[in-house]
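Let's take a friendly walk through a protein model together. Have a look at the sequence and the structure first, and then we will go through some of the details.

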Amino acid sequence: MQSADNVERLYDTHASALFAFLLNLTRNEADTRDLLQEVFVKLARQPDLLAGARDERAFLLRLARNLFIDQMRRRRTREKNYERLGREDCPLFAPSDDPDEAAFRSMVSEAMDELPAEQRAVLHLKLWAGLTFEEIAATLDMPPNTAASRYRYGLDKLRHLLRPLYDEIKRT
Amino acid sequence: MKPDNLEERLQNLPTRGVPDAWRDEILAAARVAAPVRQVATGNRATSAGLTPWWRVWLWPCPEAWAGVAAAWCMILGLHLVVGRSERSLASQSAPPPVPAQVWMAFGEQRRLLAELDLSPHASVRPPPSLVIPRPRSCRQPGTFMA
């Protein structure tokens with residue numbers, strides 16, 4: 001049986017990574033909270049859920065992503081344009097005292113919003129969850145080559161979107 | 001901007017941390033959810049290895065199995081009721097048992113008939129012919145035996 005202590009341990013170890021990933025996917029804080037709660041409720045209800053998992057973090061990221069997809073499907077039956085309606089202006093990154101850095105973080109956050117969900121997920125897992133392409137492929141149910149190409153396309157798009165700001169920061 | 005430069009810059013961006021207030025709320029929800037599951041399932045083990053075999057077997061459609069079981073119970077009940085009524089009818093129509101004295105008298109009668117050769121088979125036997133046929137060589141044409 002998965003004890004309450006174990007769920008607490010899992011929360012303390014993985015909640016931040018799951019939160020950042022879900023926030024990047026949903027771009028909505030309320031939805032992120034619901035999904036994060038759903039992950040840990042599921043862990044409490046199904047004590048042997050993590051029994052066969054080799055990598056807890058990768059398993060939980062995969063679980064979070066599956067719950068996000070389920071939520072999107074449920075929502076899409078009710079409102080077709082949820083992806084746009086549900087999003088709000090929520091920052092992905094920690095605030096910074098440096099105005100340039102704060103502007104850059106804000107711009108990256110907005111640029112990430114422009115990417116398709118699949119590219120966003122791959123970029124997040126590679127850049128901020130520190131997974132390899134093999135691990136990303138396993139987490140997102142895709143071949144490693146697809147994960148690598150999505151990462152490359154996503155990064156190119158980010159570079160294109162961030163170039164004006166980056167150039168301006170470099171000039172000043 | 002060099003690709004590696006951007007990648008490195010992005011990797012160094014610190015993501016937001018999960019709000020502190022969420023921890024207690026989410027863990028409380030998880031704590032509430034866990035016992036509900038255990039109570040709802042009773043003695044049923046949650047892992048497949050501990051599930052009773054009959055639950056695993058019946059799981060796909062318990063209603064259908066219950067329907068089949070009910071139908072069999074009805075058939076068995078009807079069978080028992082019909083069988084009992086048939087037995088009672090048979091017992092009502094059966095002749096009363098023959099006393100031993102009657103059987104003894106009947107046996108005595110048969111014995112006497114056998115001695116007198118007046119049994120029903122003996123009475124229908126044709127009487128023996130009184131005319132003794134002559135040899136074929138002694139027969140004359142136009143002469144017929146009686």
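In which loop is Asp141(A) found? Asp141(A) sits in the loop between H7 and H8 of chain A. Keep in mind as you read that this is a predicted model. The phi angle of Asp141(A) is near 60 degrees, a positive value in a residue other than glycine. Is Asp141(A) buried or exposed? It is exposed, because it has 10 other C-beta atoms within 10 Å, and a residue counts as exposed at 12 or fewer.

Another loop residue can be set beside it. Arg27(A) lies in the loop between H1 and H2 of chain A, and its phi is near 55 degrees, again a positive value in a residue other than glycine. Arg27(A) is buried, however, with 22 other C-beta atoms within 10 Å. The cut-off for being buried is 20 or more.

**The two chains**

Now for the overall layout. Chain A has eight helices and zero strands, so to read its elements along the sequence is to read α-α-α-α-α-α-α-α. Chain B has six helices and zero strands, and its pattern from the N terminus on is α-α-α-α-α-α. Here are the two chains side by side.

| Chain | Residues | Helices | Strands | Buried residues |
|---|---|---|---|---|
| Chain A | 172 residues | eight helices | zero strands | 35% |
| Chain B | 146 residues | six helices | zero strands | 5% |

What share of the contacts in chain A join residues at least 24 apart? Counting contacts between residues at least 6 apart in sequence, the share is 64%.

**Where the chains touch**

How many residues does each chain bring to the contact? Chain A brings 31 residues and chain B brings 23 residues. On the side of chain A that touches chain B, the elements that give two or more residues are H1, H2, H5 and H8 of chain A. H1(A) gives the most to this side, with nine residues. Sorted by class, this side of chain A has 22 nonpolar, two polar and seven charged residues.

Ala20(A) gives you one place to look. This residue is found in helix H1 of chain A and is buried, with 21 other C-beta atoms within 10 Å. Leaving out residues up to four places away in sequence, Ala20(A) touches Trp128(A) in chain A, and Thr15(B) and Arg16(B) in chain B. You can also find Thr32(A), which is 12 residues from Ala20(A) in sequence and 8.8 Å from it in space, C-alpha to C-alpha.

**The nonpolar core**

Next comes the largest nonpolar core, which has 49 residues. Which of them touch the most other members? They are Leu18(A), Leu22(A), Phe40(A) and Ala64(A). Several helices each supply at least two residues of this core, among them H1 (4–26), H3 (56–78) and H8 (144–171) of chain A, and also H2 (20–41) of chain B. H1(A) gives the most to this core, with 12 residues. Domain 1 (1–90) and domain 2 (91–172) of chain A both give residues to the core, so it lies between them.

Phe40(A) is a good residue to zoom in on. Leaving aside neighbours within four places in sequence, Phe40(A) is in contact with Val7(A) and Tyr11(A) in chain A, and with Ile26(B), Leu27(B) and Ala30(B) in chain B.

**Two helices in detail**

Phe40(A) is one of the buried residues of H2(A), which also include Leu36(A), Val39(A) and Leu43(A). H2(A) has 17 residues, which should span 24 Å at 1.5 Å a residue, and the end C-alpha atoms are 24 Å apart, which agrees.

H5(A) has 16 residues and reaches 23 Å from its first C-alpha to its last, close to the 22 Å expected at 1.5 Å a residue. Which residues of H5(A) are buried? They are Phe104(A), Arg105(A), Val108(A) and Met112(A). These residues cover an arc of only 100 degrees around the axis, which puts them on the same side of H5(A). A general rule helps here: an α-helix has 3.6 residues a turn, so residues three or four places apart point the same way. On the other side of H5(A), Pro99(A) and Glu114(A) are exposed.

Notes. Residues are numbered from 1 along each chain as its sequence is written. Chains are lettered from A and ligands numbered from 1 in the order in which they are written. This is a predicted model: local features need pLDDT of at least 70, side-chain atom pairs count only at pLDDT 80 or more; totals for chains, interfaces and linings use all residues. A nonpolar core is a set of buried Ala, Val, Leu, Ile, Met, Phe, Trp, Tyr and Cys residues joined through C-beta atoms within 7 Å. Helices (H or I, at least four residues) and strands (E, at least two) are DSSP runs, numbered from the N terminus. Domain bounds come from an automatic or database domain assignment. Two residues are in contact if their C-beta atoms, placed from the backbone, lie within 7 Å. Ala, Val, Leu, Ile, Met, Phe, Trp, Tyr, Cys and Pro count as nonpolar, Asp, Glu, Lys and Arg as charged, and the others, Gly among them, as polar. The expected span of a helix is 1.5 Å times one less than its number of residues. The arc is that of the directions from the helix axis to the C-beta atoms.
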